[in-house]
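Student: Before we start, could you take me through this one term by term? I'd like to know what each label rests on.

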Amino acid sequence: TPITAMTIDPAGNVGIGTNAPGTLLEVNGSFKAGGNCQLGDSYSDSHSIYGPTTVLAAAGSTPLTANQTATGAGWEALLDLKRDGVVDYRVQSNSDMVIVMNTNNTSTAHMWYQVNGNYRLKLNATGYVDMDSESQVRLTLGSQGTAGNNDSNWIRGNGTSLGFNAAGGATTWEVSGVEKMKLDASGNLTINGNISNTAASAYY
């Protein structure tokens, strides 16, 4: 029984797997394109891909590059991720890089960061930052020591308590860049330059 392998209609449209191609080339089914492939020949061209898409690349190479050659007056959108036509996530650049979450301005939308299936950090729509995935969470500041260990500088939320740890030096409190209070490694407390050797007394 004869099988139609390819169709060329009077308009010059070529169909593979279809007898009624609607474009210059329409393939109905799986196909493979080897070598270097280019879609379009102008930056004003647009392309649509339907269905799940996987990008594979060799180790050490860049699987996906978003390159915008023309620079506009404002922030240029390099990547938009949409759901139901609404941009939920956008990467923009104007020398600096900015990640925009929820361009539709839904007040209840938050940005979550997940590691190994667990939510670790949340940026609320209100601007608050939450690190509440565990009963005890440490925020390490600076490069001293090992993050989270006592040889590093950290702030810890543990149940209803808030703790501070200095890597070995003093813990200081400043107002407008001026030191107002310091607790050194020996337990001496300095307030406004006056030293107290006991935690029970202080000078004003």
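Tutor: Sure, and strands come first: helices (H or I, at least four residues) and strands (E, at least two) are DSSP runs, numbered from the N terminus, and two strands pair if DSSP finds at least two bridges between them. This is a predicted model, where local features need pLDDT of at least 70, side-chain atom pairs count only at pLDDT 80 or more, and totals for chains, interfaces and linings use all residues. Residues are numbered from 1 along each chain as its sequence is written, and side-chain values use heavy atoms, with hydrogens and water left out.

Student: What makes β7, β8 and β9 an open sheet, and which strands stand at the edges?

Tutor: The three strands line up in the order β7-β8-β9 with antiparallel pairing. β7 (111–115) and β9 (129–130) are the edges: each has a single partner strand, so one side of each lacks a neighbour in the sheet.

Student: How do you know that β7 and β8 pair?

Tutor: Five bridges link β7 to β8 (residues 118–123) in the antiparallel sense, and the rule asks for at least two. One of the bridge partnerships puts Tyr-113 with Leu-121 in β8.

Student: How many bridges join β4 to β5, and what lies between them?

Tutor: Seven bridges join β4 (residues 76–83) to β5 (residues 86–94), running antiparallel. Ala-77 has Gln-92 in β5 as its bridge partner. The two strands form a hairpin with two residues between them, and Asp-84 in the turn has a positive phi of about 55 degrees.

Student: And what about β5 with β6?

Tutor: Six bridges there, again antiparallel, with β6 covering residues 96–101. Arg-90 is opposite Val-100 in β6. That hairpin has one residue between the strands, and Ser-95 takes a positive phi near 75 degrees.

Student: Why is Val-27 called partly exposed?

Tutor: Its relative accessibility is 33%; buried means under 20%, exposed over 50%, and partly exposed is in between (1.4 Å probe, protein chains only). So Val-27 counts as partly exposed. Val-27 belongs to β3 (residues 25–27).

Student: How do you know that the charged end of Arg-138 sits over the ring of Trp-154?

Tutor: The test wants NZ of Lys or CZ of Arg within 6 Å of the ring centre and within 35 degrees of the ring normal. The charged end of Arg-138 is 4.2 Å from the centre of the Trp-154 ring and sits over it.
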